[in-house]
Structure formats: C-alpha cells, structure tokens
Amino acid sequence: MPVTPTPVIAVEHLSLEYKSVEVLSDLTFTVQAGDYIGLVGPNGSGKSTLIKVLLGLVAPSRGDVSMLGSSPSAFKEWRRIGYLPQRISFFNPYFPGTVEEIVGLGLLSQKRFPKRIASSDGERIKKALELMSITGIRHKLIGELSGGQQQRVLIARALVNEPELLILDEPTTALDPETRENFFSLMHHLNKSKGITIILVTHDIGNIGRYASKMLYLDKRIIFYGGFDEFCLSETMARFFGVSSQHLICHRHD
Ligand code: ADP
C-alpha cells in the first residue's frame with residue numbers, strides 16, 4: 001500500500017478564544033505538499049488569527065496543530081517556511097537598509113549566534129534577487145523604492161531560504177493591477193515549477209479561482225474547504241452564498 005505523505009499542515013479540532021470570545025471554532029483540515037490554498041472569509045472571520053496560530057505566535061485554546069510534523073510551539077525549522085506579512089509600507093524613505101541587506105535578513109532566522117551574514121550566503125541572496133528580477137536595484141535603499149518593488153524585495157526575503165511553504169497575508173492590497181498580475185503569475189510559477197506549498201490570504205474572492213487550486217472559506221468555522229469544481233457544483237454552497245455569489249467565485253475559474 002502506498003504510504004500517505006505527512007501533510008505540510010494538520011489541524012485538528014482547533015478552537016481559539018480571545019477573552020472568552022470564540023474567534024476560531026473547531027477547525028479540522030490538512031494541507032498537502034504542493035497545495036495552493038486561497039484562505040478567504042469576511043473581515044474578522046479569523047484568517048489572520050489562524051495564520052498566527054500556524055506561525056506559533058498565538059497558542060490555540062483547544063485542539064492540535066502540526067506544521068511540517070511538529071507543533072508550532074516546538075518548531076525549530078522556520079527557514080522551511082517563508083512568510084510575507086500583510087503590511088508592506090513600513091519602510092520610510094530613510095530606512096537604512098539596501099535591497100540586498102533586507103533580502104539577507106531572511107537568512108538570519110536559521111542562524112544561531114553570532115547572527116551575521118556569512119559570505120557563503122551570498123549565493124542564496126543572489127539567487128533570490130535573480131528570481132525576483134531585482135538584481136539591478138540591489139544597492140538601492142529600500143525606502144526609495146515603489147510599493148511594488150518593495151514587495152518584490154520582501155518576497156525575495158521570504159524565498160531566500162528556499163522554503164517548502166509560503167504564507168502570504170493579503171499580499172496584493174496595495175499593488176497596482178499590473179504588479180498584482182505579476183505577483184500572481186510568480187506565485188503560480190513557484191507552486192507549479194518549484195512545488196512550493198502556498199497559503200494565500202486574500203479578500204479577492206472574485207479572482208481566487210484563477211490562482212489557487214483550493215479554497216478554505218472561513219467564518220470562525222470552516223464553511224468550505226476543497227477544490228473549485230466541488231465548490232461550484234455544491235448546492236449547499238449555493239444555498240449558503242446565494243447562486244450569484246457562488247457564480248462570482250466560479251466564473252473566472254478556468
Ligand atoms: P480576519 O483576519 O479574518 O479579518 P482576525 O483573525 O484578524 O480576522 O480577527 C478575528 C476576530 O478576533 C475579530 O473579531 C478580531 O476583532 C478579534 N481579534 C483579533 N486579534 C485580537 C486580539 N489580539 N485580541 C482580541 N481580539 C482579537
């Protein structure tokens with residue numbers, strides 16, 4: 001019998017309360033290697049909280065979470081995970097870091113003291129800069145760049161360790177349409193050609209079917225988790241969302 005591979009993420013009966021108000025309710029799901037998951041849901045539905053649990057920043061009230069075979073609180077191999085935070089506009093024009101240095105910061109998470117970038121790391125930084133087509137601006141200060149360029153730098157930083165899993169929190173909110181499209185085609189490439197597992201938190205429910213292969217729709221609890229074909233054919237989902245909203249999510253999906 002074939003051996004079932006260990007899931008990248010396994011969540012069982014996860015619940016979380018903030019000051020006795022339930023924010024996540026009895027979530028159970030797994031993410032397999034190579035999945036590209038769109039995590040969607042209304043404002044306040046618990047998306048960011050779920051990401052914080054996965055990253056070990058918040059402890060669940062109940063239930064079990066496993067990231068690459070370990071609980072987030074005991075997880076030691078953060079370099080296997082790339083994380084792109086929600087806010088990209090935190091660099092003021094005088095932030096004293098060049099593109100190359102910011103990308104290099106991504107390497108520090110895997111190092112013990114002394115935390116210094118070694119010359120052998122130069123190759124990894126070079127590869128990440130090339131992948132994001134930002135080699136030409138590597139000596140520029142991050143604060144001098146446009147929003148789209150800054151985001152490329154942050155993606156390069158998230159990729160510099162060649163992670164197996166990428167977690168992206170609302171990555172395209174501040175981007176112009178062209179940069180957004182470039183971003184999504186890059187993610188598609190990373191998922192398909194490099195096999196990187198992706199979890200993308202997004203508001204863009206009308207487009208999510210064009211990018212992701214599965215949707216996790218959260219509203220404190222899991223409303224839907226699965227592929228788009230299943231979602232689009234589901235009468236339960238048509239009743240939950242209404243036929244026109246279901247259609248909106250489905251009609252752009254090739
Ligand atoms: P989303 O990312 O889907 O918008 P969040 O995970 O940010 O949702 O928030 C889920 C709920 O938890 C919201 O009602 C929010 O107000 C609440 N919440 C988030 N963070 C905290 C916190 N640190 N303390 C108390 N309540 C919080």
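Which helix gives the largest share of the shell around the ligand? That share, three residues, comes from helix H1 (residues 47–54); helices here are DSSP runs of H or I with at least four residues, numbered from the N terminus. Please keep in mind that this is a predicted model, in which local features need pLDDT of at least 70, side-chain atom pairs count only at pLDDT 80 or more, and totals for chains, interfaces and linings use all residues. Residues are numbered from 1 along each chain as its sequence is written, and side-chain values use heavy atoms, leaving out hydrogens and water.

**Around the ligand**

- The residues around the ligand, with a heavy atom within 4 Å of it, are Tyr 18, Val 23, Pro 42, Asn 43, Gly 44, Ser 45, Gly 46, Lys 47, Ser 48 and Thr 49.
- Sorted by class, this shell holds three nonpolar, six polar and one charged residues; Ala, Val, Leu, Ile, Met, Phe, Trp, Tyr, Cys and Pro count as nonpolar, Asp, Glu, Lys and Arg as charged, and the others, Gly among them, as polar.
- Oxygen atoms of the ligand lie 2.8 Å from a backbone N or O atom of Gly 44 and 3.1 Å from a backbone N or O atom of Gly 46.
- The side chain of Ser 48 has an N or O atom 2.8 Å from an oxygen atom of the ligand.
- On its own the ligand exposes 560 Å², and the protein buries 57% of that; such areas come from the Shrake-Rupley method with a 1.4 Å probe.

**The nonpolar cores**

- A nonpolar core is a set of buried Ala, Val, Leu, Ile, Met, Phe, Trp, Tyr and Cys residues joined through side-chain atoms within 4.5 Å, where buried means under 20% relative accessible area (1.4 Å probe, protein chains only).
- Leu 166 and Met 187 touch the most other members of the largest core, which has 45 residues.
- Helix H4 (residues 147–159) supplies the largest share of this core, six residues.
- A second, separate core has 29 residues, including Leu 16, Leu 24, Val 31 and Ile 81.

**A closer look at Asn 191**

- Asn 191 sits in helix H5 (residues 177–194) and is buried, with a relative accessible area of 5%.
- A polar atom of the Asn 191 side chain lies 3.0 Å from the backbone oxygen of Ile 196.
- Beyond its neighbours within four places in sequence, Asn 191 is in contact (heavy atoms within 4.5 Å) with Gly 34, Asp 35, Tyr 36, Ile 196 and Ile 198.

How values were computed
A polar contact is a pair of N or O atoms within 3.5 Å; within protein, one must be able to donate a hydrogen and the other to accept it, and residues adjacent in sequence count only if both atoms are side-chain atoms. Helices (H or I, at least four residues) and strands (E, at least two) are DSSP runs, numbered from the N terminus. Buried means under 20% relative accessible area, exposed over 50%, partly exposed in between (1.4 Å probe, protein chains only).
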